[in-house]
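Visitor: I should be grateful for a close look at a single part of this assembly, followed by an account of how that part fits into the contacts between the chains. Please begin with the local detail and work outward.

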Amino acid sequence: MTDDIGVTPAGLRKWSPSALRAGRAIGVLSSIALTLMGLLLLTFLLARFLPADPVYAIIGDNADRDTYERVYRELGLDQPVYQQFFTYALKVVTGDLGMSHITGMPVVRDLLEVVPATLELAIVAIILGSAAGIPLGVLAGTNQNKPIDHVVRIIGLIGYSTPAFWAGMGILIIFYAQLGWIGGAGRQDPYFFGEVPTVTRLVTVDALLAGRVDIFLDALRYLVAPALILAYNALAYISRMTRSFMLEQMNQEYVVTAKAKGLSRGKVIWAHAFVNIRVQLVTIVALTFGAMLEGAVLVETVFAWPGLGQYLTRGLMFRDMNVVLGSVLVIGIFFIILNMLADFAYRQLDPRTR
Amino acid sequence: MTLLDIENLRVRYPDTHGYYEAVRGISFRLGSERLGLVGESGSGKSSVGRAIMRLLPDGVKIEADRLDLEGEDILAAPEKRMLFLRGKTMSMILQDPRFSLNPLVPVGRQIMEVYLEHVKRDVTQARARALEMLAQVRINDPERTFDLYPHEISGGMGQRVMIAMMLIAGPRLVIADEPTSALDVTVRRSVLEILDKLVTETGAGLLLISHDLAVVSQFCDRVLILYKGRIVEEIDARDLARARHPYTQALLASIPDMRHPRSHLPMLDRDAIACLDSTP
Amino acid sequence: MLRTLALPIVAAAAIAVVPVQAATQPDALVIGMVMDTLTTFDPADVSALEPSEVVANFYDRLVEIAPADLSQVLPSLAESWEYDGEGRVLTFELRSDATFSGGDPVLAEDVAWSLQRVLKLEMVAAGELRQWGFTADNAEQSFVAVDEDTFQVHLPEDIAPELFLVTLAGTVGSVLDRDEVLRHEQNGDLGRNWLISAAAGSGPFTLTDWRPNNILIATRRDDYWGGAPQIRRVMLRHIPESGSQRLQLEAGDLDVAKGLNTSDLGALANKDDFTIERVQGFGFYVLALNQEVEALANPLVREAFRHMLDWPGLAGSVMQFSGIPHQNVVPQGMVGASNALPYDFDLERARELLAEAGYADGFSVSVYPSSASSPFMELAESLQATAAQVGVNVEIVAGNNADRFRNREDYQIFVGRTTSKLPDPLGTLQTHASNPDNSDESRNTNLNAWRVAWDTPELTAMVDALRKPLDPEKRQQLIIDIRELYDAQSPAIIPFFQRVDAFARSANVEGYVGSPIWVTRWDTVTKQ
């Protein structure tokens, strides 16, 4: 709607808009591909310095020398590093991430299991964390140094300083062992395993698609505790950042204007100040979500949640290069997607960036 | 008729030693007239404006023997009443439209908001009225400007939008706090003229707060000279040349005069005025 | 505000109201474990404890050994066998009622092919056969199907046939359904790729679902030749955190917990509803003294270390569920074993020995615990504290040091756990006392004596002789002689504890018997 005001560099005028768009798309795609390859190369090189010997991780402690050497060659470790990387990169382009020796499965297949598990957790957690963290942050930021501000800060501080591990055990002891309200380990009662067809690989969604409310509720019971812990961690960060963003905005002149217009406090906060922190919030929420993909290891461990964080950590521990590289690739792709979504959101939310 | 009646207004800001008194007991009345409040920065002139609107930050103390708007005691009014008075009965134009307009809300909506809040909850009417106001502040293409964001319009346009916004509900008192000092010199005059015209047409009172005695003397009927939180002189704009107070004289002397250019403008001799501090 | 709270409250209420699936089903066995090593179900490629148990239940072997008496070989797929010493031929008669899960009968050619396959694939398990002289080249001559029910093994070397028999009782001896596996062969891989996540055996259970690091579900075979198991479904669950496992066990969601740490085992040991089982393993917690470090190559210094570790204290604390005090290299319960504990924790004696060795003022040495986890770190820290009292300054290098133990230049003293799968003294004697070529080039990294650069020609020859067929009494005497010579030489690999794998089971679970060769079966399990 503001095209007539936008400035078009003269040199670009001879290109048709569709050609321009295609050109831009190619540029974006190639820069994404380059980013991912760079990420892979870096991970590949870093992984070379891991102390564990991947061969022994496969063959165990007592295997003889012949076995060692056969597996060593099979893993391609006898080739120069650049060649190993080249071979790997070529396979990645064809969608083959290799085999994992910590699961014995193709990495792609493993990722199809662990990524949805983590996504299910992270999506619920980020929704809960934002839904609670943002209003709390706004409340604190607009009531600086009043009791509510201190309460929110203490809530956040607890979220920051409580180790996820202990929080998880505590919740399990009370709500699982004592009260029996929630599930103990994993994504659902094993009794229900394989009962509904796999569509999205999100247990809750698949259960609903199949119309099985009992399985859905069961899955919720397993999901609620790990999701709440992650959500609480997210809340701590999001509320703190929201608070400081709001503090900054509430000192702006346009807020005085809004007040001088006789707008109620709610309108001043939500229709004016809050509108101006949305872009920053998108960044914070996207970052928090991204961090959950690989950063939920402790929660995944306590709740035996078969997710990406555990998978990557074990890959590192047993120096399973294919697992590490595949996981990093997926996380990289997610960060790029998050980035693009955030960029898109910026353009929707802030006219100055259009 | 008296719009604003102020007696012994004091504004105190909390600081490390307790309080700092920015406004030290000033009194004046304002009718349907254009009153100028002149002082250098730090004189407390902005605090006066915001004290009347009760828009000073939490913790700032406002005290007065009398602070009446159309006979109503503002200091005693509950916040809910203030929400009604602000924008509707009195409004305030801020200094720099680059900061005082919300950057993420189209200007038309920012204008409509006041109408919807204070006049009528009817978007169609509000829009029509906002477009009318845009035309009245001499914006050429109100329809197009309506949907623009603040960063897409010039400073002069921004300040005219601000005027439209603050006058759309027909306030009785308009406080303009340095309305032109952030603007390009070439548009200052036209913006002030628009403000002056609209205020005069509606019969509202105008409190023009400025550091610029020349501007004030041109657009106001009466001038209050504020120095270190006190009014040191009150004088008709036409009589400024006969000002008696040394501070006023010093201010006058520092106005450049195109007809009689001088190589140096005299500096304010603060020592000479310092002795006045103790006098009420 | 109320509206925003309403949704979560309703959701929480719904979750709380739906009845919890408390306690496992009576015909289901749920086992909690850490699935780190569960990477394949191919008997030719299995080396760790957890996958061995799974393989043991999908497949049968020709023979079994009784957990109570390791020298007693029992029939399984083979009804009987005899050995012809002249021709070095073992002949097995197979039972005729055994079938694979696909329905085909188990034939001698399946047996022969399964063992040949292990050698041809040259994967981890191949070493267990290669130690008796079998190779990929002689595999077809060695394993022969005479007719449908008769299977012959031609031993390539003159070894004691019992050694090979007990080897067959391990997972390496699993019998695969040849036709079924070959149907899934890809590029001549003998079904290797398929068997990573599938099974084709004659065992009492079949694989129903397998998700790595998550869950494995096995279902019983109603037509199992040994009779249908009482347990219909077995579920293995990956629960990495010990505390979570314990909570699940206590809540009745697990029947068996195999990944518990010492403190959780200790807590459960005091409760009537649970039983702690300790399964002996053929391996030891050792101090391995690198002989390329000058001070450690002195036999008197090695002897001093035998008195330096506070093993009585550790036995009551961190080792409570990990090991039992044991000071020689023949595991308890085996022929020629000794339970004597002659090496006291005696710092005065250690000081004397050090002084005699010329280290009256002590020395400094780096100690590498196998990993940063329990009990290795605690063992190293205990050594550090006690060694300091006799002037030996121990610096602990924490980290994942297991791989360093294979490179002599990478460590000085290693605190680790040795293993052997062979249920015969030869197994541990070989890995601790035998070192046919101490040169760096030989890289016999499966022999601990080589790893510590401890040249043991005399012991090596004696251990070698133990492979040969011997009169039982002579054999026992030879084992005792090796054991005593090992001690007399002040070994560079000092055993302090014999490995124990402890797990907890619910008291209502019977018949879940830990196997020292890791072939615990589920078909013997019953639940009340």
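Guide: Let us start at one pairing: R211(C) stands opposite I215(C), the latter a residue of strand 9 of chain C. The model discussed here is a predicted one. Strand 8 of chain C covers residues 205-211 and strand 9 of chain C covers residues 215-220; the two run antiparallel and are joined by six bridges. Three residues lie between the strands of this hairpin, and N213(C) takes a positive phi near 60 degrees there. As a general point, side chains in a regular strand alternate between the two faces of the sheet.

The next step outward is the side of chain C that touches chain A. In the pairing of these two chains, 55 residues of chain C are in contact with 55 residues of chain A. The area buried between chain C and chain A is about 4700 Å², and carbon and sulfur atoms give 52% of that area. Polar contacts between chain C and chain A number eight residue pairs, both residues of each pair being at pLDDT 80 or more. Strand 8 and strand 9 of chain C each supply at least two residues of the side that touches chain A, as do helix 1 (2-17), helix 4 (126-130), helix 8 (192-195), strand 10 (233-238) and helix 9 (242-251) of chain C. The largest share, five residues, comes from helix 9 of chain C. By class, this side of chain C divides into 20 nonpolar, 20 polar and 15 charged residues. The count of salt bridges between chain C and chain A is two. R192(C) forms a salt bridge with E74(A), with the closest N and O atoms 3.0 Å apart.

Chain A also meets chain B. Here 25 residues of chain A are in contact with 31 residues of chain B. The two chains bury about 2400 Å² between them, 60% of it on carbon and sulfur atoms. On the side of chain A, the residues that lose the most area to chain B are E253(A), A260(A) and K261(A), which together account for 24% of what that side buries. Four salt bridges are counted between chain A and chain B. K261(A) forms a salt bridge with E113(B), in which the closest N and O atoms are 2.8 Å apart. Eleven residue pairs, with both residues at pLDDT 80 or more, are in polar contact between chain A and chain B. The elements of chain A that give two or more residues to the side touching chain B are helix 10 (253-260) and helix 11 (265-273). Helix 10 of chain A provides the largest share of that side, six residues. By class, the side of chain A that touches chain B has ten nonpolar, six polar and nine charged residues.

Taken across the whole assembly, two pairs of chains are in contact, and chains A and C share the most contacts. No contact joins chain B and chain C, and the closest C-alpha atoms of these two chains lie 21 Å apart.

A word on confidence concerns chain A. Its mean pLDDT is 86, and 93% of the residues of chain A reach 70 or more. Over residues 1-12 of chain A, however, pLDDT stays under 50, and the model has seven contacts beyond four places in sequence for these residues.

Methods: Residues numbered from 1 in each chain as written. Chains lettered and ligands numbered in written order. Heavy atoms only, no water. Contact = heavy atoms within 4.5 Å. Buried area = accessible area lost by both parts, 1.4 Å probe. Salt bridge = Lys/Arg side-chain N within 4 Å of Asp/Glu carboxyl O. Polar contact = N/O pair within 3.5 Å; in protein donor to acceptor, adjacent residues only side chain to side chain. Helix = DSSP H or I, 4+ residues; strand = E, 2+ residues; numbered from the N terminus. Nonpolar A, V, L, I, M, F, W, Y, C, P; charged D, E, K, R; others polar. Pairing = 2+ DSSP bridges. pLDDT = per-residue confidence, 0-100.
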